[in-house]
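Good morning, everyone. I would like to take a few minutes to walk through one sheet and one residue within it, so please keep the structure in view while I talk.

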Amino acid sequence: MKKLFAAMLLLVAGMVSAQADQVYKHDGSVLKGKVVRLEEYTITFIYDGEDAENVVSKYAIEKIIYGKSGRVEQVTDKIVVKGEDDWEKVVILEDKAYIAGLKKEGEVRGKTGLINFQTGNTGDKKAAKKLKMDAAKLGCPFVLLTADKATVGASSNSLGGSQNIKTGVAYRY
């Protein structure tokens, strides 16, 4: 009788855990619980046995397997940055919610020289490229932009009178 009761208990526990959603992160970890809400850049999730809602960036998530239906939803592809040559793969993020579930690596910066021969738009692109290159050196596929400044010198209507500075924090899986 005890064996039958134990077997039934294991069966019921297995059925309950089979109902849990599984969120597979790019870092290899798996979150088990209930996906409450999918938004454009984030997932709201509740762990099994808890009531608190947790927000995770979609950038940190590979896929979700829904417990009730078994449906698999691909969320994002993993971005692999091996060095400075992969700078074009780096994604610049502008909202703190987009980094939830990612790991902070360090501060990065991109700027143009005060005396340069760039127009405003070209200088902005050059500063963004340098910011991405700085993050790629750290092997980080994401940068949370913390400051974006354009300073203008005395000769604002001619080439060479402006400087673009972008600062951010690099993140990895």
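Let me begin with a question: which residue stands opposite T42 in strand 4? In this model, which I should say at once is a predicted one, the residue opposite T42 is S57, and S57 is the residue to which I shall return after going through the sheet.

First, then, the sheet as a whole. Six strands make up an open sheet, and if you read across it the order is 4-3-2-1-5-6, with antiparallel pairing. The edges are formed by strand 4 and by strand 6, residues 72-74, each of which pairs on one side only. From one strand to the next, the twist averages 40°. As a general reminder, the strands of a sheet pair through backbone hydrogen bonds, in either a parallel or an antiparallel sense.

Now to the individual pairings. Strand 1, residues 21-25, runs antiparallel to strand 2, residues 30-38, and four bridges join the two; Y24, for instance, has V30 in strand 2 as its bridge partner. These two strands form a hairpin with four residues between them, and in the turn you will find G28, whose phi is positive, at about 100°.

Strand 2 also pairs with strand 3, residues 42-47, again in the antiparallel sense, here over five bridges. Within that pairing R37 stands opposite T44, and this too is a hairpin, with three residues between strand 2 and strand 3. Strand 3 in turn pairs with strand 4 over four bridges, also antiparallel, and that brings us back to T42 and its opposite residue, S57.

So where does S57 sit, and what surrounds it? S57 lies in strand 4, which covers residues 54-57, and strand 4 is, as I said, one of the edge strands. Is S57 buried or exposed? S57 counts as buried, because its relative accessibility is 0%, where the cut-off for burial is under 20%.

The side chain of S57 has two polar contacts that I would point out, both to backbone atoms: one reaches the backbone nitrogen of Y59 at 3.1 Å, and the other reaches the backbone oxygen of Y98 at 2.5 Å. Leaving aside residues up to four places away in sequence, S57 touches Y41 and T42, and also A97, Y98, I99 and A100. Y98 therefore appears twice in this account, both among the residues touched by S57 and as the backbone oxygen reached by its side chain.

Methods: Residues are numbered from 1 along each chain as its sequence is written. This is a predicted model: local features need pLDDT of at least 70, side-chain atom pairs count only at pLDDT 80 or more; totals for chains, interfaces and linings use all residues. Side-chain values use heavy atoms; hydrogens and water are left out. Buried means under 20% relative accessible area, exposed over 50%, partly exposed in between (1.4 Å probe, protein chains only). A polar contact is a pair of N or O atoms within 3.5 Å; within protein, one must be able to donate a hydrogen and the other to accept it, and residues adjacent in sequence count only if both atoms are side-chain atoms. Contact means heavy atoms within 4.5 Å. Two strands pair if DSSP finds at least two bridges between them. Axes are lines fitted to C-alpha atoms, for helices over the stretch in contact, and angles run from 0 to 180 degrees between N-to-C directions.
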